[in-house]
Amino acid sequence: GHHNMIMFTPDSVRELIKQCEKIKGKQIGYPHLCGVSFPCGKNDDHSLFLQKARAQINNGGSPVSAGYSAPKASFIIALVHDFGTEKISGEKIAQASDREAARMLMDLQGIGDWCAGGVLMH
């Protein structure tokens with residue numbers, strides 16, 4: 001089962017992003033999305049990641065990272081931004097035709113036709 005999986009909501013990811021470093025005014029995802037300070041991969045205990053993240057926020061301890069690559073962190077940041085600015089939304093996708101929905105998805109950074117098709121099938 002998936003009883004131990006944790007879902008990061010757009011709001012929680014947005015809060016993580018706010019705490020990430022900037023280079024030339026651009027959020028880069030370090031240290032919370034990309035980095036290797038504390039692993040949070042599919043084989044790691046996600047509750048420990050949250051425990052360490054909360055401790056870092058409350059006590060200023062060592063930062064924790066979800067362990068994504070820098071390009072994937074960039075994609076996540078762009079995706080959260082696009083949903084936050086309502087460039088795209090679940091409602092817009094649901095109301096669009098299949099072709100329009102696919103086009104909306106493929107207009108987002110990092111999403112191609114294969115990924116858009118997978119999203120639309122689910």
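**View 1. Ala73 and the residues it touches.** In this predicted model, Ala73 is in contact with Ile28, Gly29, Leu33, Cys34 and Tyr68, leaving aside residues up to four places away in sequence. Two of these partners, Leu33 and Cys34, join Ala73 in the largest nonpolar core.

**View 2. The largest nonpolar core.** Here you can pick out nine residues: Val13, Leu16, Ile17, Leu33, Cys34, Ala73, Ile76, Ile77 and Val80. Helix 1 (10-18) and helix 3 (70-84) are the elements that each give two or more residues to this core. Helix 3 supplies the largest share, with four residues. As background, nonpolar side chains in soluble globular proteins tend to be buried together.

**View 3. A second, separate core.** Eight residues form this other core, among them Ile93, Ala96, Leu105 and Leu108.

**View 4. Helix 2 and helix 5, the two ends of the confidence range.** Among the elements of the chain, helix 5 (residues 98-106) has the highest mean pLDDT, 94. Helix 2 (residues 46-59) has the lowest, 74. For the chain, the mean pLDDT is 79, and 81% of residues reach 70 or more.

**View 5. The chain as a backdrop to the close-ups.** Six helices and two strands make up the secondary structure, following the pattern α-β-β-α-α-α-α-α along the sequence. Of the 122 residues, 30% are buried. The chain exposes about 8700 Å², with carbon and sulfur atoms supplying 56% of that area. Among contacts between residues at least 6 apart in sequence, 52% join residues at least 24 apart.

Methods
Residues numbered from 1 in each chain as written. Predicted model: local features only at pLDDT ≥ 70, side-chain atom pairs only at ≥ 80, totals over all residues. Heavy atoms only, no water. pLDDT = per-residue confidence, 0-100. Buried < 20%, exposed > 50% of the residue type's maximum accessible area, 1.4 Å probe, protein only. Contact = heavy atoms within 4.5 Å. Areas by Shrake-Rupley, 256 points an atom, 1.4 Å probe, with all protein chains shown as cover. Core = buried A, V, L, I, M, F, W, Y, C linked by side-chain atoms within 4.5 Å.
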